[in-house]
Amino acid sequence: MLNNLRYKWHASATEYFGDEDQAKKWMHTPQVIFGNKSNIEYLDTMTGIGYVSDIINRMKYGMIT
């Protein structure tokens with residue numbers, strides 16, 4: 001189940017950035033919204049995956065994160 005959610009999250013990030021390399025760079029870069037951690041650190045739980053997915057969706061639709 002977690003692997004399926006991670007795949008969907010990765011596909012969503014790649015779609016947003018338009019490039020898999022850019023998405024990977026973003027995944028590993030600490031962000032203020034994630035408490036100065038990289039979002040990849042949140043992908044070990046369903047709650048974390050949901051949080052990261054929510055942030056990606058906010059960015060897709062121009063909502064402030």
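Begin by selecting G48, I49, V52, I55, I56 and M59 in helix α3 of this predicted model; these residues are buried. View the selection down the axis of α3: the buried residues fall within an arc of 125°, so they line one face of the helix. The general geometry agrees, because an α-helix has 3.6 residues a turn and residues three or four places apart point the same way.

Next, display the whole of α3, residues 46–60. The helix contains 15 residues, and the distance from its first C-alpha to its last is 21 Å, close to the 21 Å expected at 1.5 Å a residue. Move on to G62, just after α3, where phi is positive, at about 75°.

Now extend the view to the largest nonpolar core, which consists of twelve residues. Select W9, A13, A23, W26, M27, F34, L43, I49, V52, I55, I56 and M59. Colouring by helix is instructive here: α1 (2–17), α2 (20–28) and α3 each supply at least two residues of this core. Which helix gives the most to the core? That helix is α3, with five residues. In soluble globular proteins, nonpolar side chains tend to be buried together.

Finally, centre the view on S12, in helix α1. Is S12 buried or exposed? Its relative accessible area is 14%, and because buried means under 20%, S12 counts as buried. To see what surrounds S12, select I56, N57 and K60, with which S12 is in contact when its neighbours within four places in sequence are left aside. Of these partners, I56 has already appeared on this tour, as one of the buried residues of α3 and as a member of the largest nonpolar core.

How values were computed
Residues are numbered from 1 along each chain as its sequence is written. This is a predicted model: local features need pLDDT of at least 70, side-chain atom pairs count only at pLDDT 80 or more; totals for chains, interfaces and linings use all residues. Side-chain values use heavy atoms; hydrogens and water are left out. Helices (H or I, at least four residues) and strands (E, at least two) are DSSP runs, numbered from the N terminus. The expected span of a helix is 1.5 Å times one less than its number of residues. Buried means under 20% relative accessible area, exposed over 50%, partly exposed in between (1.4 Å probe, protein chains only). The arc is that of the directions from the helix axis to the C-beta atoms. A nonpolar core is a set of buried Ala, Val, Leu, Ile, Met, Phe, Trp, Tyr and Cys residues joined through side-chain atoms within 4.5 Å. Contact means heavy atoms within 4.5 Å.
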